[in-house]
Amino acid sequence: MSNIKIVTDSAIALTPEEIAQYDITVVPLTVQIDGVVYEDGVTLQRDEFLEKMSKSATLPQTSQPSIGKFQAAYDSIHQQYPESEILSMHLSSGLSGTVHAAEQAAALSAAKITTFDTLNADRAEAFPVLAAAKMAQAGASMAEILAEAEKVRSESHTFLSFTSLDNMVAGGRLSKTSGIIGNLLNIKVGATVDNTGSVEVLAKGRGMKAIAKFNDSVIEKMQSYNEMIAIGISHAGVPEVAEKMAARLNAIWPDIKIEVTNTTPIVSTHTGIGALAILYQAH
């Protein structure tokens, strides 16, 4: 049995099978929609979130798990496995205060806890978490696991495109005037999560051709690596587009099982419906 237990948060994209296989504890973020508070992945699933967001009067608000929620998760593991250490791996500090809440809770718990900032979200958050969970199950030490998690984190990349600027305006990430002009001009955006874990806009253009050109450039970059290790596709309400992209990538890398999922509320709140993310690990 592993002497290291893995904790993460609901901004991650893991399959139910992966969570069960590696005994990963997922602490939920909260989502507030029109005054009603939901627990991400517990009382509100990702497809339900998109439906509610499309009908909501105001932009939904996502919040990091409380310190108390983290402490309860840590204490529960500690009671069950008093000899085990905990590695708590979280959503980028450039996108959320989740990892800081985890750090504060760790100081209050009797368990021995190490926190880790994945500097990413969604399936790119999952790459170092899965690497750590596999090593923990194999009996590796915390030092060995952290070294591998840092390596995988440096090899993990996210590229996302979105087709509406409405949520960026509502969330205060873009001025109202810029958003109106952008939507009138049919402006589409391509972005990445940079090495500080923050979203950086890489490309803007008019119409869906701009998105296609951006995705072509991402795939070209992917093909420049020596080895492609893992790929994920996440989307906000465009499953057909996501499946088509997965098929395109599988034609290039037929041996890789590509997970296609609805993206996390913390991403889709900012990008709006229609967003597509290509996430990969390569070196």
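Reader: Which residues of helix α10 are buried?

Author: In this predicted model, helix α10 covers residues 239-252. Its 14 residues reach 20 Å from the first C-alpha to the last, close to the 20 Å expected at 1.5 Å a residue. Buried means under 20% relative accessible area. The residues of α10 that are buried are Ala242, Met245, Ala246 and Leu249.

Reader: Within what arc do the buried residues of α10 fall, seen down its axis?

Author: The buried residues in question are Ala242, Met245, Ala246 and Leu249. They line one face of the helix, because seen down the axis of α10 they fall within an arc of 105 degrees.

Reader: Which residues are exposed on the other side of α10?

Author: Exposed means over 50% relative accessible area. On the side of α10 away from the buried residues, those that count as exposed are Glu240, Lys244 and Ala251.

Reader: What covers the buried residues of α10?

Author: The cover includes a helix, α9 (208-222). Strands take part as well, and among them are β11 (228-235), β12 (259-262) and β13 (276-282).

Reader: Which residues of α9 are buried?

Author: Helix α9 is part of what covers the buried residues of α10. α9 has 15 residues and reaches 21 Å from its first C-alpha to its last, close to the 21 Å expected at 1.5 Å a residue. Its buried residues are Ala210, Ile211, Phe214, Asn215, Val218, Ile219 and Met222.

Reader: Is Glu155 buried or exposed?

Author: Glu155 is placed in helix α6 (residues 142-155). The cut-off for a buried residue is under 20% relative accessible area. Glu155 has 7% relative accessibility, so Glu155 counts as buried.

Reader: With which side chain does the side chain of Glu155 make a polar contact?

Author: Glu155 touches Ile229, Tyr280, Gln281, Ala282 and His283, leaving aside residues up to four places away in sequence. The polar contact of its side chain, at 3.1 Å, is with the side chain of Lys151.

Reader: Which backbone oxygen does the side chain of Ser156 reach?

Author: Ser156 is in strand β8 (residues 156-162). With 8% relative accessibility, Ser156 counts as buried. Not counting residues up to four places away in sequence, Ser156 touches Asn120, Ala124, Phe127, Pro128, Tyr280 and Gln281. At 2.7 Å, its side chain reaches the backbone oxygen of Val152.

Reader: How many residues of strand β6 are buried?

Author: Strand β6 spans residues 85-90. On one side of the pairing, strand β1 (residues 4-9) is joined to β6 in parallel by 4 bridges, with Ile4 opposite Glu85. Strand β6 is mostly covered, and the count of buried residues is 5 of its 6.

Reader: What is the handedness of the crossover from β6 to β7?

Author: β6 pairs in the parallel sense with strand β7 (residues 112-117) over 6 bridges. In that pairing, Leu87 stands opposite Thr114. The chain passes from β6 to β7 through helix α4 (residues 98-108), and this β-α-β crossover is right-handed.

Reader: Which residues of β3 point to one face and are buried?

Author: The side chains of β3 alternate along the strand. Thr30 and Gln32 point to one face and are not buried, while those that point to the other and are buried are Val31 and Ile33.

Reader: Which residue in β5 stands opposite Val31?

Author: β3 is joined to β4 by 4 bridges, and the two run antiparallel. Within that pair, Gln32 has Val37 as its bridge partner. Strand β5 (residues 61-63) also pairs with β3 in the antiparallel sense, over 3 bridges. Opposite Val31 in β5 stands Thr62.

Reader: What phi does Asp34 take in the hairpin of β3 and β4?

Author: Asp34 lies in the loop between β3 (30-33) and β4 (36-39), and the hairpin has 2 residues between the strands. Asp34 is partly exposed, with a relative accessible area of 44%. Most residues other than glycine have a negative phi. Asp34 is not a glycine, yet its phi is positive, at about 50 degrees.

Reader: Where is Leu119 found?

Author: Leu119 is not a glycine, but it has a positive phi of about 60 degrees. Its place is the loop between β7 and α5 (122-137).

Key:
Residues are numbered from 1 along each chain as its sequence is written. This is a predicted model: local features need pLDDT of at least 70, side-chain atom pairs count only at pLDDT 80 or more; totals for chains, interfaces and linings use all residues. Side-chain values use heavy atoms; hydrogens and water are left out. Buried means under 20% relative accessible area, exposed over 50%, partly exposed in between (1.4 Å probe, protein chains only). A polar contact is a pair of N or O atoms within 3.5 Å; within protein, one must be able to donate a hydrogen and the other to accept it, and residues adjacent in sequence count only if both atoms are side-chain atoms. Contact means heavy atoms within 4.5 Å. Two strands pair if DSSP finds at least two bridges between them. A crossover is right-handed if, with the strands pointing away from the viewer, the path from the first strand over the helix to the second runs clockwise. The expected span of a helix is 1.5 Å times one less than its number of residues. The arc is that of the directions from the helix axis to the C-beta atoms.
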